[in-house]
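Student: Could you take me through the sheet in this model, along with what packs around it? I would like a close look at that one part.

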Amino acid sequence: AGTGAEAARLKEMATRMGLGATARLVGQVDDLAVRMASAAVFIAPAPAEPLGLSVVEAMSHGLPVVAAGSGGHLETVGAVPGAMLFPPGDAAAAAAALRSLVAEPERRRAYGAALQTHQRRHLSLEAFADQVVELYRRALSQARLRLYP
C-alpha cells in the first residue's frame with residue numbers, strides 16, 4: 001500500500017514474475033489499519049529509512065515486521081530481542097525471514113506482540129512527549145548549574 005517513485009516499475013516486475021495473484025500493489029489507501037489487521041507480515045526493505053513511520057504503525061498493530069537492518073529500522077524493530085532484520089539488499093535473506101514467520105504462526109504472533117509492546121512503551125506519542133519533557137528538564141538543570149556555580 002502506498003505510492004512512490006518505483007511503484008510502476010514494481011507493478012510491472014510483479015506481473016512479469018507471475019506474482020499478480022499474491023502481490024498486489026494497491027497504491028494510496030484510506031483503510032491502512034484494516035489492511036494491517038488482515039496482514040500476516042509487514043516487510044520494510046528500504047535500506048535508508050530515517051524512521052519508518054509505517055513500521056512503527058505496523059508495530060502498533062502487533063504486525064510482525066521483517067526489515068532491512070539499517071537506518072531507523074535498527075532503532076525501531078531492531079530494539080526488540082529476536083528482531084527479524086536482514087542485510088540491506090539481500091532478497092534471499094528477506095525471503096528466508098518471511099518464510100520462517102509464515103511457517104511458524106505462534107512465533108509470528110509472539111514476535112508481533114513483542115513489537116507492539118515495545119512500540120507502546122517506547123515509540124508512542126505519549127512516550128515521545130515524555131522523552132521531550134525529560135530532555136527539557138535535563139537541559140534546564142544543566143543551564144542552572146552553569147548559571148549558578
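Tutor: Happy to; here is the sheet, followed by a helix and a loop that go with it. This is a predicted model, in which local features need pLDDT of at least 70 and side-chain atom pairs count only at pLDDT 80 or more, while totals for chains, interfaces and linings use all residues. Residues are numbered from 1 along each chain as its sequence is written, and side-chain values use heavy atoms, with hydrogens and water left out.

The sheet is open and has 3 strands in the order β1-β2-β3, with parallel pairing. Strands here are DSSP runs of E of at least two residues, helices runs of H or I of at least four, numbered from the N terminus; two strands pair if DSSP finds at least two bridges between them. At the edges stand β1 (42-44) and β3, each with a single partner strand, so one side of each has no neighbour in the sheet. From one strand to the next, the twist averages 15°. Between β2 and β3, which run parallel, there are 3 bridges, and V66 stands opposite M84 in β3.

Helix α4 (residues 91-103) lies across β1, β2 and β3, running at about 160° to β3. Such angles run from 0 to 180 degrees between N-to-C directions, with axes fitted to C-alpha atoms, for helices over the stretch in contact (heavy atoms within 4.5 Å).

The loop between β2 (65-68) and β3 (84-86) holds T76. T76 is buried, with a relative accessible area of 2%; buried means under 20%, using a 1.4 Å probe and protein chains only. Leaving aside residues up to four places away in sequence, T76 touches L51, V55, V56, M59, H118 and L123.

Key: Buried < 20%, exposed > 50% of the residue type's maximum accessible area, 1.4 Å probe, protein only.
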